[in-house]
Amino acid sequence: MGGTEHLTVHREGATLVLTLNRPEAKNALSPAMLVGLYDGWTEADEDDSVRSIVFTGAGGCFCAGMDLKALAGRGMAGDTYRDRLKADPDLHWKAMLRHHRPRKPVIAAVEGHCVAGGTEMLQGTDIRVAGESAVFGLFEVRRGLFPIGGSTVRLPRQIPRTHALEMLLTGRPYTAREAAGIGLVGHVVPDGTALDKALEIAEQVNACGPLAVEAVKASVYEAAELTETDGLAAELARGWPVFDTADAKEGSRAFTEKRPPRFKRA
């Protein structure tokens, strides 16, 4: 199991938990964090025993965006990570979920600040839980910058365009309740319990057929890029083979026998 000094990885049953771990800097993105994230997504994709991913931050904060000083700094450990970033110029975008979509469902557990790059990474997750005091926002325009992590493309596809443009063009902060009201997050829970709620949702996902879950996720994102007619055709192409799997037969037997299913990814 991987991880770095700024990104911890641990298992909760069939859930891989990735935690941004730089609370003294509000979990601002560093080379160690980006490399750790990339390795974490890769581990989840390659390990069939992982059925879901929970993505969170340590110290009551999710992520305050990119730390330009850390990215520009020097030092032995930093050089090691910079070598990884140099070897794969796309690694940081994959780490931030801009150029990579994990096969397994990703559930975000947000406490505290989730702004700039934090809100951009959030858009790469599938299910989102926020603590009551969480703060969201894309502050780039206030600094004369551009939110290049994908927000001008993704945000209008995930929430109503008027809300997306207001968030992008004003650069103002949003409360957790506001974020839920516009559809950016799905759950608002008492502070300190976002991770618990995310793990609860992960357990519900883990109890389902893993092949079916992965096919459903892939179909949703694929169809978003297509016309309705093409999307329905793509859905049949992905969904119909699931009915021939051992998991599907086990699910039917378990339902008939009124017992929990024992899925085996087959």
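## Exercises: rings, a patch and a sheet

Leu-236 is exposed, at 57% relative accessible area (buried is under 20%, exposed over 50%, partly exposed in between; 1.4 Å probe, protein chains only). The model is predicted: local features need pLDDT of at least 70, side-chain atom pairs count only at pLDDT 80 or more, and totals for chains, interfaces and linings use all residues. Residues are numbered from 1 along each chain as its sequence is written, and side-chain values use heavy atoms, with hydrogens and water left out.

**Exercise 1.** Place Leu-236 in its helix and its surface patch.

*Solution.*
- Step 1: Find the helix. Leu-236 belongs to H11, residues 228-239 (helices, H or I, are DSSP runs of at least four residues, and strands, E, of at least two, numbered from the N terminus).
- Step 2: Find the partners. Trp-240 and Phe-243 join Leu-236 in a nonpolar surface patch. Patch residues have over 30% relative accessible area and no salt bridge; nonpolar side chains (Val, Leu, Ile, Met, Phe, Trp, Tyr) are joined within 5 Å, like charges within 9 Å. A salt bridge puts a side-chain nitrogen of Lys or Arg within 4 Å of a carboxyl oxygen of Asp or Glu.
- Step 3: Read the area. Together the three expose about 410 Å² (Shrake-Rupley method, 1.4 Å probe; for residues, only the protein chains shown count as cover).

**Exercise 2.** Classify two aromatic pairs and say whether their rings are buried or exposed.

*Solution.*
- Step 1: Count. The whole structure holds three aromatic pairs. Ring centres of Phe, Tyr and Trp (its six-membered ring) must lie within 6.5 Å; planes under 30 degrees apart are stacked, over 60 edge-to-face, the rest tilted.
- Step 2: Take Phe-55 and Phe-62. Their centres are 5.1 Å apart and their planes 65 degrees, so the pair is edge-to-face. Phe-55 is buried at 0%, and Phe-62 is buried at 0%.
- Step 3: Take Trp-240 and Phe-243. The pair is tilted, with 5.4 Å between centres and 40 degrees between planes. Trp-240 is exposed at 57%; Phe-243 is exposed at 57%.
- Step 4: Look for a cluster. Trp-41 forms one with Phe-55 and Phe-62.

**Exercise 3.** Which strands lie at the edges of the E5-E7-E8 sheet?

*Solution.*
- Step 1: Read the order. The sheet is open, with three strands and mixed pairing (strands pair if DSSP finds at least two bridges between them).
- Step 2: Name the edges. E5 (113-115) and E8 (174-175) each pair on one side only.
- Step 3: Follow one pairing. E5 runs parallel to E7 (residues 135-137), over three bridges. Val-115 faces Gly-137 in E7.
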